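The exercises below are meant to be worked through with the sequence and the structure side by side. Try each task before reading its solution.

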Amino acid sequence: MVSRRLLLAGGASAAVLSALWWMRGGDVSAATFEITKSDDEWRRLLKPAAYKVLRQHATERPFTSPLDAEKRKGIFACAGCDLPLFASETKFDSGTAWPSFFRPLPNAVASSTDRSLIIPRTEVHCRRCGGHLGHVFQDGPPPTGLRYCINGAALTFASSVSGPA
């Protein structure tokens with residue numbers, strides 16, 4: 001006969017295993033990317049904040065990225081591999097404290113399911129190096145209705161506006 005204590009322990013173990021399965025990451029870590037480096041190489045190549053975001057899936061503190069207020073014409077690229085990701089024409093002020101875009105450039109980003117919180121989210125990563133950029137939500141402006149909420153530490157910006165000659 002099974003004791004109540006053993007039955008409760010078995011049920012709790014099953015619940016923990018189910019939660020761990022649910023929270024496991026998407027397919028990003030298993031994917032093969034054009035640019036691959038060891039963790040030590042990424043750590044040497046990237047600034048500390050960019051490393052934490054791109055390679056460890058961190059989120060920068062709100063209102064800390066100067067790129068959130070960037071208004072010039074230009075291209076936002078991956079800080080890990082310099083792949084162009086977003087055009088300034090698709091950037092908008094979402095009021096969320098992170099740079100936001102309604103559309104990436106063609107063949108620039110990929111996505112996976114992020115279950116690190118209770119509610120699953122769609123993680124956005126660089127399709128060339130796999131670096132974590134942020135998340136995409138369905139509360140953006142027309143024409144796409146999408147909001148790519150991107151960590152500024154994961155980006156670089158190159159202005160297309162030429163200065164005085």
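A charge is said to sit over a ring if NZ of Lys or CZ of Arg is within 6 Å of the ring centre and within 35 degrees of the ring normal. The model is predicted, and for that reason local features need pLDDT of at least 70 and side-chain atom pairs count only at pLDDT 80 or more, while totals for chains, interfaces and linings use all residues. Residues are numbered from 1 along each chain as its sequence is written, and side-chain values use heavy atoms, with hydrogens and water left out.

**Exercise 1. Charges over a ring**

Task: Find which charged residues lie over the ring of Trp-42, and give their distances from the ring centre.

Solution: Begin with Lys-37, whose charged end sits over the ring of Trp-42 at 5.8 Å from the centre. Then turn to Arg-55, which lies over the face of Trp-42 at 4.2 Å from the ring centre.

**Exercise 2. Confidence along the chain**

Task: State the average pLDDT of the chain, and find where pLDDT stays under 50.

Solution: The quantity pLDDT is the predictor's confidence in each residue, from 0 to 100. Its average over the chain is 85, and 78% of the residues score at least 70. Over residues 13-27 the value stays under 50, and for this stretch the model has eleven contacts (heavy atoms within 4.5 Å) beyond four places in sequence.

**Exercise 3. Strands and their partners**

Task: Work out the order of the strands in the six-stranded sheet, and name its edge strands.

Solution: Helices (H or I, at least four residues) and strands (E, at least two) are DSSP runs numbered from the N terminus, and two strands pair if DSSP finds at least two bridges between them. Following the pairing across the open sheet gives the order S3-S4-S8-S7-S6-S5, with antiparallel pairing. The edges are S3 (91-92) and S5 (109-114), each of which pairs on one side only. S5 is joined to S6 (residues 121-126) by six bridges in the antiparallel sense, and Thr-113 has Thr-122 in S6 as its bridge partner.

A further antiparallel pairing, over three bridges, joins S1 (residues 74-78) to S2 (residues 84-87), and here Ile-75 has Ala-87 in S2 as its bridge partner. The hairpin of S1 and S2 has five residues between the strands, including Asp-82, which takes a positive phi near 70°. Asp-82 counts as exposed (over 50% relative accessible area, with a 1.4 Å probe and protein chains only), its relative accessibility being 52%.

**Exercise 4. The aromatic cluster**

Task: Describe which ring pairs Phe-76 forms with Phe-101 and Phe-157, using distance and angle.

Solution: Rings of Phe, Tyr and Trp (its six-membered ring) pair if their centres lie within 6.5 Å; planes under 30 degrees apart count as stacked, over 60 as edge-to-face and the rest as tilted. The structure holds four aromatic pairs. In one of them, Phe-76 and Phe-101 are edge-to-face, with 5.0 Å centre to centre and 70° between the planes. Because Phe-76 lies in S1 and Phe-101 in S4 (residues 100-101), this pair ties together parts that are 25 residues apart in sequence.

Next, the rings of Phe-76 and Phe-157 have centres 4.7 Å apart and planes at 45°, so this pair is tilted. Phe-157 belongs to S9 (residues 155-159), and the pair links parts of the chain 81 residues apart. Phe-76 is buried (under 20% relative accessible area), with a value of 0%, and Phe-157 is buried with a value of 18%. Taken together, ring pairs link Phe-76, Phe-86, Phe-101, Tyr-148 and Phe-157 into a cluster.

**Exercise 5. The nonpolar core**

Task: Find how many residues the largest nonpolar core has, and which element supplies its largest share.

Solution: A nonpolar core is a set of buried Ala, Val, Leu, Ile, Met, Phe, Trp, Tyr and Cys residues joined through side-chain atoms within 4.5 Å. The largest has 26 residues, and those with the most contacts inside it are Leu-85 and Ile-150. Helix H3 (48-56) gives the largest share, four residues. Within H3, Ala-50, Tyr-51, Val-53 and Leu-54 are buried, and what covers the buried residues of H3 includes helix H2 (39-45), S1 and S7. Just after H3 comes His-57, whose phi is positive, near 60°.

**Exercise 6. An unusual peptide bond**

Task: Determine which peptide bond, from Pro-142 to Pro-143, is found here: cis or trans?

Solution: The bond is cis, with omega near 10°, and Pro-143 is found in the loop between S7 and S8.
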